[in-house]
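Q: I should like to learn how to read the features of a structure that is new to me. Where should one begin?

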Amino acid sequence: MRPEVFLCVKQAAGLTTPVRFNSDASDVAPECRIWSTNDGDRFALDAALRAREGGVIGGVTCVTAGPTEADEALYYCLAAGADRAIRIPVSAAALFEPAVAGALLAAAIRHLGGQLVFAAQRSSDGESGMVPVYLAHALGAAYLSDVTDFQLDGTVVEIRRRIEGGHRQVWRSQLPAVVAFDRGSASPRYVAVAAMALARRREVQQLTESALGISLSQIPRPVRLERLIPPRVRTKKLPGPDWNQSATERMQTIVIGGAARRASTMLEGPREEVAAVAADYLHKRRLLRHRVS
Ligand SMILES: Cc1cc2nc3c(=O)[nH]c(=O)nc-3n(C[C@H](O)[C@H](O)[C@H](O)COP(=O)(O)OP(=O)(O)OC[C@H]3O[C@@H](n4cnc5c(N)ncnc54)[C@H](O)[C@@H]3O)c2cc1C
């Protein structure tokens with residue numbers, strides 16, 4: 001029997017500008033977020049749908065761990081062609097550590113008898129890249145990273161991953177396996193607004209902690225997010241415009257970046273003289289070891 005793909009999908013936050021942090025600097029302020037389906041997961045979804053269309057796998061089940069709002073990511077997957085959607089209801093705060101998301105997803109996938117898991121290599125907001133690793137560990141599955149191409153022959157998974165200089169590596173493993181896709185590996189499908197509206201009427205099955213026999217407080221968390229550090233504010237000094245100029249000229253000066261642009265000197269004259277001045281210039285700045293005469 002052909003295995004089903006369990007696709008991990010996450011509703012990810014984009015940021016507005018300027019970004020503000022909450023009072024204890026532990027997170028971005030909620031009003032500075034814009035939610036959408038994680039980009040990388042759309043690539044992984046496309047790979048799963050192509051595998052199903054090619055008759056390689058039996059179906060595509062998308063799974064998310066998150067609050068009710070995370071259903072939007074599942075609706076996107078259903079609208080694009082996924083067969084069923086599952087959410088593990090959990091508060092956003094409980095997911096701060098990637099180990100928790102990994103353990104919950106693993107519990108759900110094990111509960112459903114899943115052997116083949118697709119995910120993105122890293123999310124577009126948290127970007128830790130740790131969830132698929134924790135997931136593979138909790139499932140006792142092989143972990144295949146940076147995947148650009150996937151094939152399945154019986155219970156053998158073969159993947160390609162891109163390395164430097166355009167070279168590729170081919171890796172092989174037995175099921176169970178977690179396949180983490182590189183972002184550029186496919187092209188996410190266009191989902192029409194009407195398809196999204198229809199998907200929102202479909203069922204999202206919920207698998208609670210008690211149904212999974214797992215307790216949040218007992219999930220080991222080997223690493224912990226300490227705090228966020230906002231970027232340093234760098235001020236750029238711009239010389240002001242000349243007040244004798246017209247308003248238009250002053251605006252132009254501001255737009256091009258200030259009145260005093262870096263001074264440049266154009267060398268003119270016979271070739272030998274120009275070369276001597278240039279050599280002297282380089283020598284004084286220790287770019288030429290010997291003075292050229
Ligand atoms: C709706 C929602 C709201 C959140 N709000 C906050 C918040 O306000 N502040 C905060 O600090 N953290 C929040 N989190 C948790 C945080 O964003 C990450 O989910 C968590 O720390 C995982 O780390 P990561 O993003 O680095 O994942 P990565 O390891 O980079 O993710 C790689 C891949 O793993 C899979 N994956 C990751 N997380 C999930 C998941 N939950 N469900 C299904 N698949 C997943 C996806 O395929 C993803 O592309 C929220 C999470 C969700 C789902």
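The following turns take up helix packing, the ligand shell and some backbone features.

A: This is a predicted model, in which local features need pLDDT of at least 70, side-chain atom pairs count only at pLDDT 80 or more, and totals for chains, interfaces and linings use all residues. Residues are numbered from 1 along each chain as its sequence is written.

Q: At what angle do helix α3 and helix α4 pack?

A: Two packed helices are described by the angle between their axes and the distance between the axes. Here α3 (residues 98–111) and α4 (residues 131–139) pack at about 45 degrees, with axes 7 Å apart. Helices are DSSP runs of H or I, at least four residues, and strands are runs of E, at least two, numbered from the N terminus. Axes are lines fitted to C-alpha atoms, for helices over the stretch in contact, and angles run from 0 to 180 degrees between N-to-C directions.

Q: Which residues surround the ligand most closely?

A: The shell has 32 residues, and G66, A92, A120, G126 and S128 are the closest. A residue counts when its C-beta atom, placed from the backbone, lies within 6 Å of the molecule. At least two shell residues come from each of α1 (39–53), β4 (59–66), α3, β6 (116–120) and α4.

Q: Where is the phi of a residue positive although it is not a glycine?

A: Most residues other than glycine have a negative phi, and most peptide bonds are trans. E127 has a positive phi of about 60 degrees, and E127 is placed in the loop between β6 and α4. R286, just after α8, also takes a positive phi of about 60 degrees.

Q: Which peptide bond is cis?

A: The bond from L175 to P176 is cis, with omega near 5 degrees. P176 lies in the loop between β9 (168–174) and β10 (177–181).
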